[in-house]
Amino acid sequence: MSAYRYALYFAPRTSSGWWRFGARWLGRDAATGENVEQPAIAGLAPEAFHALTTEPRKYGFHGTLKAPFALREGTTRKALADALARFCRARRSIPLPPFEVTRLADFLALVPATRESRVNELAADCVREFEAFRAPLAAAELDRRRRKGGLSPRQDRYLEEWGYPYVFAEYRFHLTLTGSLGEAPPHQVTALIAGAREALGALPAAPLRVDGVCLFEQPEPAAPFRLATRFVFRGARR
C-alpha cells in the first residue's frame with residue numbers, strides 16, 4: 001500500500017552529530033521512529049519545550065527541498081524512487097556556510113549565515129523535476145491553506161501551481177527548530193534561542209554538506225514522517 005504522502009528533504013547523515021542534535025532537539029529520531037529525550041533548556045520547563053517542538057517533531061529534522069505531496073494517479077513509489085536516484089547521480093555535494101539561530105516569521109530555525117545559491121537551485125530543481133509525481137491539491141485543501149492568511153499574491157500563485165507557497169523566489173533554506181511561537185511568552189522565546197545557540201556551538205566545526213536527498217514518507221494522515229531512503233550525490237562518500 002502506498003504511503004499517504006512523500007517529501008523530498010535534506011537531512012544530515014544519521015551517523016552524524018548533526019542528526020543526533022536534530023533528533024534530540026525535536027525529541028524524535030525520524031529514521032528509527034523512536035522518541036528521544038530532549039535536552040534541558042535553562043529557563044524553560046521541559047513540558048513547554050516539548051509543546052513548542054510538537055509541529056516539527058512530526059516531520060523530523062530536515063530542510064525542505066520539495067514539500068509533502070500525495071502521489072499523482074498513475075505514478076508509483078518505485079517510479080519516484082528511481083527518478084530520485086537518477087536525479088542524485090547527476091549532483092555533487094554542496095558545503096553549507098555556518099548556521100545561525102534565526103526567527104523566521106513566527107518560528108525558530110537554523111539558517112545559513114550567508115546565501116548559498118546552489119542549495120536554492122537544488123530545491124527549485126526538485127520542485128520542477130518531481131512535479132509530475134505530485135497529485136494536485138483538492139479545492140478544499142487549497143481553501144484551507146488560504147484561510148490561514150498571510151500569503152502574498154506570488155505565494156498564492158505558487159500554492160496554486162506547485163502545491164506550496166514557499167518555492168523559487170519565496171524559498172529560504174532552513175532547518176526548523178520550533179513550531180509557532182505566536183503564543184509563547186517572551187521569556188520562553190529567549191530561553192529557546194539561548195539553548196539553540198548553545199547546542200549549535202557544540203556541533204562539529206566542519207561544514208555541513210548537502211550530499212544527497214532523502215525520501216521521507218508519511219504512512220497515513222496524522223502519522224509522523226519517517227526517513228525512508230537516502231539518495232547520495234555522485235562523488236559523495238557513502
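**Aromatic contacts, helices and an open sheet in a predicted model**

Tyr166 has a relative accessibility of 36% and therefore counts as partly exposed; buried means under 20% relative accessible area, exposed over 50%, and partly exposed in between (1.4 Å probe, protein chains only). Tyr164, at 27%, is also partly exposed. The model is predicted, so that local features need pLDDT of at least 70 and side-chain atom pairs count only at pLDDT 80 or more, while totals for chains, interfaces and linings use all residues. Residues are numbered from 1 along each chain as its sequence is written, and side-chain values use heavy atoms, with hydrogens and water left out.

Rings of Phe, Tyr and Trp (its six-membered ring) were paired if their centres lie within 6.5 Å, with planes under 30 degrees apart counted as stacked, over 60 as edge-to-face and the rest as tilted. The count by this rule is 14 aromatic pairs. In one of these, Tyr164 and Tyr166 are edge-to-face, with 5.6 Å centre to centre and 80° between the planes. One aromatic cluster is formed by Trp18, Phe21, Trp25, Phe49, Phe61 and Phe99.

Helices (H or I, at least four residues) and strands (E, at least two) are DSSP runs, numbered from the N terminus. Helix α1 (residues 17-26) is mostly covered, with 7 of its 10 residues buried. These are Trp18, Trp19, Phe21, Gly22, Ala23, Trp25 and Leu26. Gly27, just after α1, takes a positive phi of about 85°.

Helix α5 (residues 117-129) has 13 residues and an expected span of 18 Å at 1.5 Å a residue, which agrees with the 18 Å between its end C-alpha atoms; the expected span is 1.5 Å times one less than the number of residues. Buried in α5 are Val119, Asn120, Leu122, Ala123, Ala124, Cys126 and Val127. The elements covering these residues include β1 (5-10), β2 (63-69), α4 (77-89), β3 (94-95), α7 (153-162) and β7 (209-210), where contact means heavy atoms within 4.5 Å.

Strands of a sheet pair through backbone hydrogen bonds, either parallel or antiparallel. Here, 3 strands form an open sheet in the order β4-β5-β6, and the pairing is antiparallel; two strands pair if DSSP finds at least two bridges between them. The edge strands, β4 (99-104) and β6 (175-176), each pair on one side only. Strand β5 (residues 107-112) pairs with β6 over 2 bridges, and Ala109 has Thr176 in β6 as its bridge partner.
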